[in-house]
Amino acid sequence: LVYSLTTQAQIQLGLLRMDENEPPRANLPIARHTIDLLSMLQEKTQGNLSLQEKLLLENTLTDLRFRYVQAMEASKKG
């Protein structure tokens with residue numbers, strides 16, 4: 001589930017593209033929603049994850065949040 005949501009967020013942030021013929025396009029409100037879903041998953045599974053699962057979720061959220069801020073700044077500039 002974490003990998004699936006991460007891939008969706010990356011596509012929504014414009015980091016990945018579904019079709020090689022089309023440029024990647026960001027959809028920041030939807031990306032924010034997906035990041036929030038991952039955050040909720042982290043909150044609801046607190047204390048029930050292995051160390052590896054916990055670190056995966058923490059690192060994924062940190063990376064996606066950072067990339068979201070970068071995407072927001074880029075959208076304001078251009």
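Ala, Val, Leu, Ile, Met, Phe, Trp, Tyr, Cys and Pro count here as nonpolar, Asp, Glu, Lys and Arg as charged, and the others, Gly among them, as polar. The model is predicted, so local features need pLDDT of at least 70 and side-chain atom pairs pLDDT 80 or more, while totals for chains, interfaces and linings use all residues. Residues are numbered from 1 along each chain as its sequence is written, and side-chain values use heavy atoms, without hydrogens or water.

Helix H1 covers residues 2-12; helices are DSSP runs of H or I, at least four residues long, numbered from the N terminus. Its buried residues (under 20% relative accessible area, 1.4 Å probe, protein chains only) are Val 2, Leu 5, Thr 6, Ala 9 and Gln 12. Seen down the axis of H1, they fall within an arc of 125 degrees (directions from the axis to the C-beta atoms), so they line one face of the helix. These residues pack against helix H2 (28-44) and helix H3 (51-77). Just after H1, Gly 14 has a positive phi of about 80 degrees.

The largest nonpolar core, a set of buried Ala, Val, Leu, Ile, Met, Phe, Trp, Tyr and Cys residues joined through side-chain atoms within 4.5 Å, has 13 residues. Leu 13, Ile 35, Leu 38 and Leu 64 have the most contacts inside it. H1, H2 and H3 each give two or more residues to this core, and H3 gives the most, with 5.

Where do the lining residues of the largest pocket fall by class? They divide into 1 nonpolar, 4 polar and 3 charged, and H2 and H3 each supply at least two of them.

Notes. Buried < 20%, exposed > 50% of the residue type's maximum accessible area, 1.4 Å probe, protein only. Contact = heavy atoms within 4.5 Å.
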